[in-house]
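Student: I'm new to this one. Could you pick a single helix, take me through it closely, and then show me the chain around it?

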Amino acid sequence: MDQNPIITSPDVAAALAAGKPVVALESTVIAHGLPRPQNIETAARLEQIVHAEGATPATIAVINGRFCVGLDRAQLDQIATGQDIKKLSVRDLAIARARKWDGATTVASTIWVAHRAGIQVFATGGIGGVHRGSLPDVSADLTELARTPMIVVCSGAKIVLDLPATREWLETNSVTVVGYGCDEMPAFYSRRSELPVDVRCDSPEDVVRIFKTEADLDLRSALLVTIPVPTADEVDSSLLQEVLDESLVEAERKKIVGRDLTPFLLARMSETSKGATLRANIALLQNNVLVAAQIAMALI
Ligand code: PSU
Ligand code: MN
């Protein structure tokens with residue numbers, strides 16, 4: 001290929017060159033995880049939160065085949081409202097580049113690009129993982145976490161997944177799981193999963209100490225920092241169980257599989273819960289991004 005596939009925006013490039021804190025953000029949650037107009041509002045709000053903490057946000061997406069690190073408002077709008085914005089994981093990056101596609105990056109492809117751009121902290125809502133059901137559908141988010149040295153801040157894996165199986169996968173593949181102010185792994189819309197974390201941290205400095213030690217030891221996997229959804233926005237557990245079961249049955253009936261499954265389940269639950277899961281999703285995203293910015297500040 002003729003040029004560097006990664007295009008870093010001027011402000012992100014300046015921050016990185018000066019050794020200032022940068023937080024990477026994904027774009028699939030904007031394009032396919034949240035409905036309009038909450039998606040663009042949330043995308044802009046997340047960037048503001050990072051700025052307010054004194055760090056620089058770097059939302060990542062593919063535009064005309066180029067891996068863009070840091071988007072301007074027009075690019076952000078295009079990802080949120082454009083036609084034919086694809087959901088691109090790592091397996092799609094070469095195709096997207098060769099075919100000059102526009103697309104949103106998942107956790108997997110965002111951290112792939114962010115690491116190569118020199119960014120060390122990333123935040124999202126919930127990571128992908130091992131899906132429920134008989135087909136072994138395992139998100140490439142997990143594979144990429146196992147081989148990318150980065151602090152990944154999230155509220156655990158999405159509730160639609162098989163959480164015990166996802167937890168086991170992380171353990172087998174040596175991804176260290178931190179509970180940020182909690183002793184069990186959060187479950188996305190819900191604060192409880194009864195699944196263990198490897199260590200509890202109660203401050204950004206505490207997270208940074210472990211991350212730097214992992215780097216010293218040349219351990220190459222991500223440090224997964226899991227934060228429960230704020231209590232006021234947690235979805236009531238019986239409502240959650242009800243809308244989750246319904247969405248899984250509906251996906252099975254409509255034979256929805258592959259990359260379409262996660263967006264379908266999230267949208268369906270948002271409708272059937274009358275927006276309760278959507279409010280939780282936005283609240284946890286904002287909180288995770290805030291903590292990620294604080295961690296990025298403590299890292300320098
Ligand atoms: N978290 C959210 N909403 C989302 C996602 C995560 O709150 O839409 C996206 C992420 O981009 C994640 C992807 O990487 O869903 C996982 O999809 P899959 O299970 O197809 O790998
Ligand atoms: Mn999948």
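Tutor: Here's a close look at one helix, followed by the chain it belongs to. Keep in mind that this is a predicted model.

Let's go for H6, which covers residues 107–117. Is it buried or exposed? Eight of its 11 residues are buried, so the rest of the structure largely encloses it. Buried here means under 20% relative accessible area. The buried ones are Val107, Ala108, Ser109, Thr110 and Ile111, then Val113, Ala114 and Ala117.

Now for the two ends. At the N-terminal end, Thr106 acts as a cap: one of its side-chain oxygens sits 3.3 Å from the backbone nitrogen of Ala108. At the other end, Gly118 comes just after H6 and takes a positive phi of about 90°.

Zoom out and you'll find that the protein chain has 12 helices and 11 strands. Across its 300 residues, 56% count as buried. The chain's radius of gyration is 18 Å, and a compact globule with 300 residues would come out near 19 Å, so the two agree. Along the principal axes, the C-alpha atoms fill a box of roughly 50 × 45 × 35 Å.

What about contacts within the chain? Counting those with a separation of 6 or more, 73% come from residues 24 or more positions apart.

Last, the outside and the charges. The accessible surface is about 12900 Å², with 51% of that belonging to carbon and sulfur atoms. The chain carries 29 positive and 37 negative charges, and their mean positions lie 6 Å apart.

Technical notes
Residues numbered from 1 in each chain as written. Chains lettered and ligands numbered in written order. Predicted model: local features only at pLDDT ≥ 70, side-chain atom pairs only at ≥ 80, totals over all residues. Heavy atoms only, no water. Buried < 20%, exposed > 50% of the residue type's maximum accessible area, 1.4 Å probe, protein only. Helix = DSSP H or I, 4+ residues; strand = E, 2+ residues; numbered from the N terminus. Polar contact = N/O pair within 3.5 Å; in protein donor to acceptor, adjacent residues only side chain to side chain. Rg over C-alpha atoms; globule rule 2.2 N^0.38 Å. Contact = heavy atoms within 4.5 Å. Areas by Shrake-Rupley, 256 points an atom, 1.4 Å probe, with all protein chains shown as cover. Lys, Arg positive; Asp, Glu negative; His and termini not counted. Charge placed at Lys NZ, Arg CZ, Asp CG, Glu CD.
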